[in-house]
Structures are given as C-alpha cells and as structure tokens.
Amino acid sequence: MSLQIIPYKPEYAKAFKDLNITWLNKYFHVEDKDSKLLDNCEEAIIKPGGYIFMAKYQTNIVGCFSFIKLDNSNYELGKMAVAPNYQGLKIGQKLIEFAINFAQKNNWTKIILYSSTKLDSALHIYKKYGFKHVALEKDLPYVRSDVKMELVVNTPKQLNKTK
C-alpha cells in the first residue's frame, strides 16, 4: 500500500473538514466545538501548538487526525477520520501508529481521546494500541462523548532518562 502520513498544509483544509463532517454526519451530528475546530483548523488547532496530519493514498487525501494541545506534554487525539471508500485498509491503524510514534519522539507524557460506545471498531483499535478507559469529567467537550481513554506515552522516569 502506498500510504503516506504527511503534515498538514493549508491546501488540505477542505479535505480535513470534509473527512470529519462525513463521519460526524454518519454517526452523530456536527457540534459547536466541531465547527470551531474544522472551520478554521489552523487558528484553532495548529496556532495554539497542535498538529494535523493527513493520510495520502496514492494521490488522494483519504484520512486525517489532529493533536490538540492540552499542555506541554499532554495532547488530545481528535478529528480522526478515514474516507468511507478507503475504510478496511487499516489506514486508521496506520494513523494511530504514527500518532503514538510522534508523541514518543516528542517526549509527551500522554495522549487522551474522547469517543463513543457507538464506535465499536474505533474503540477496539484504541484498546489494541494500549489506550485505557479513564473517568469522564463533568464538562465534556462533546455531547456524543461517553468514553474517555488515555495512553501514557512516556512516564516521568522515561523522560528523565532521555535528557
């Protein structure tokens, strides 16, 4: 498979938004926070210190995800989507592997994510890669969220060894 995971460029803004709107409309609906992040992703995600990556299969942009900065060592994995015609090719798993490696290389402490029990296959993949269920806070960022998971990428001991 000729899949590349590439950093976001401004010309990918429409693809990033369209990929996410497609899956949101399939399972849920677009919430206010989604609109804020998707309508101007550079301002809402990248400028505050986050990242967006795109999955390119041959010449097509077919997937994406973002890291939304929570603080200097913790990021939220979000806005992950794969185009319907490309699902089943393990592109989502490649995106997660890339995300975890990126977090490890940057010495982050943990990655968190919000999901829903409606998304069985996504939850299965997150568990496969070591994400663990944690308690949901009261003021959730999304109405659809009934699951919060985290992956400890580097413990403080590991971080000290790398310095």
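Q: Let's start with Phe 98: at 25% relative accessibility, what does this residue count as?
A: The idea is to set the percentage against two cut-offs: under 20% is buried and over 50% is exposed, with partly exposed in between. Phe 98, at 25%, therefore counts as partly exposed. Bear in mind that we're reading a predicted model.

Q: And Phe 65, buried or exposed?
A: Go by the cut-off again: buried means under 20%. Phe 65 has a relative accessible area of 0%, so this one is buried.

Q: Let's step back to the whole chain. How many helices and strands does the secondary structure come to?
A: Count the elements, then read their order. There are 6 helices and 7 strands, and along the sequence they run β-α-α-α-β-β-β-α-β-α-β-β-α. The chain is as compact as a globular protein of its length, because its radius of gyration of 15 Å is close to the 15 Å that the globule rule gives for 163 residues. If you like box dimensions, the C-alpha trace spans about 40 × 35 × 30 Å along its principal axes.

Q: What percentage of the residues count as buried, and what about contacts across the sequence?
A: Here you look at the inside and then at the wiring. Of the 163 residues, 45% count as buried. Among contacts with a separation of 6 or more, 63% join residues 24 or more positions apart.

Q: What does the outside look like, in area and in charge?
A: Take area first, then charge. The chain exposes about 9100 Å², and carbon and sulfur atoms supply 51% of that. As for charge, there are 24 positive and 16 negative side chains, with the centres of the two sets 8 Å apart.

Q: Now the rings. How many aromatic pairs are there?
A: Ring centres within 6.5 Å make a pair, and planes over 60 degrees apart make the pair edge-to-face. By that rule the chain has 19 aromatic pairs. Take Phe 53 and Phe 102: their ring centres are 5.0 Å apart and their planes sit at 70 degrees, so the pair is edge-to-face. Phe 53 is in strand E2 (residues 51-57) and Phe 102 in helix H4 (residues 91-105), so the pair ties together parts that are 49 residues apart in sequence. Phe 53 and Phe 102 are both buried.

Q: Which way do the rings of Phe 65 and Phe 98 meet?
A: Apply the angle rule once more. Phe 65 and Phe 98 are edge-to-face, at 6.3 Å centre to centre with 65 degrees between the planes. With Phe 65 in strand E3 (residues 60-71) and Phe 98 in helix H4, this pair ties together parts that are 33 residues apart in sequence, so there's another strand-to-helix link.

Q: Which residues form one aromatic cluster?
A: Pairs can add up to a group. In this chain Tyr 51, Phe 53, Phe 65, Phe 67, Tyr 75, Phe 98, Phe 102 and Trp 108 form one cluster.

Q: Where does Tyr 142 lie, and what does Tyr 142 touch?
A: For a loop residue, check its cover and its partners. Tyr 142 lies in the loop between strand E6 (132-134) and strand E7 (147-152). At 6% relative accessibility, Tyr 142 counts as buried. Leaving out residues up to four places away in sequence, Tyr 142 touches Glu 31, Lys 33, Asp 34, Leu 37, Glu 76 and Lys 79. The C-alpha atoms of Tyr 142 and Glu 31 are separated by 7.2 Å, although these positions lie 111 residues apart along the chain.

Q: Which residues other than glycine have a positive phi?
A: Look at the backbone angle and then the location. Gln 58 has a positive phi of about 55 degrees and lies in the loop between E2 and E3. Asn 107 also has a positive phi, near 55 degrees, and sits in the loop between H4 and strand E5 (110-115). At 33% relative accessibility, Asn 107 counts as partly exposed.

Definitions and conventions:
Residues are numbered from 1 along each chain as its sequence is written. This is a predicted model: local features need pLDDT of at least 70, side-chain atom pairs count only at pLDDT 80 or more; totals for chains, interfaces and linings use all residues. Side-chain values use heavy atoms; hydrogens and water are left out. Helices (H or I, at least four residues) and strands (E, at least two) are DSSP runs, numbered from the N terminus. The radius of gyration is taken over C-alpha atoms; the globule rule is 2.2 Å times the number of residues to the power 0.38. Buried means under 20% relative accessible area, exposed over 50%, partly exposed in between (1.4 Å probe, protein chains only). Contact means heavy atoms within 4.5 Å. Accessible areas come from the Shrake-Rupley method with a 1.4 Å probe; for residues, only the protein chains shown count as cover. Lys and Arg count as positive and Asp and Glu as negative; His and the chain ends are not counted. The place of a charge is taken as NZ of Lys, CZ of Arg, CG of Asp or CD of Glu. Rings of Phe, Tyr and Trp (its six-membered ring) pair if their centres lie within 6.5 Å; planes under 30 degrees apart count as stacked, over 60 as edge-to-face and the rest as tilted.
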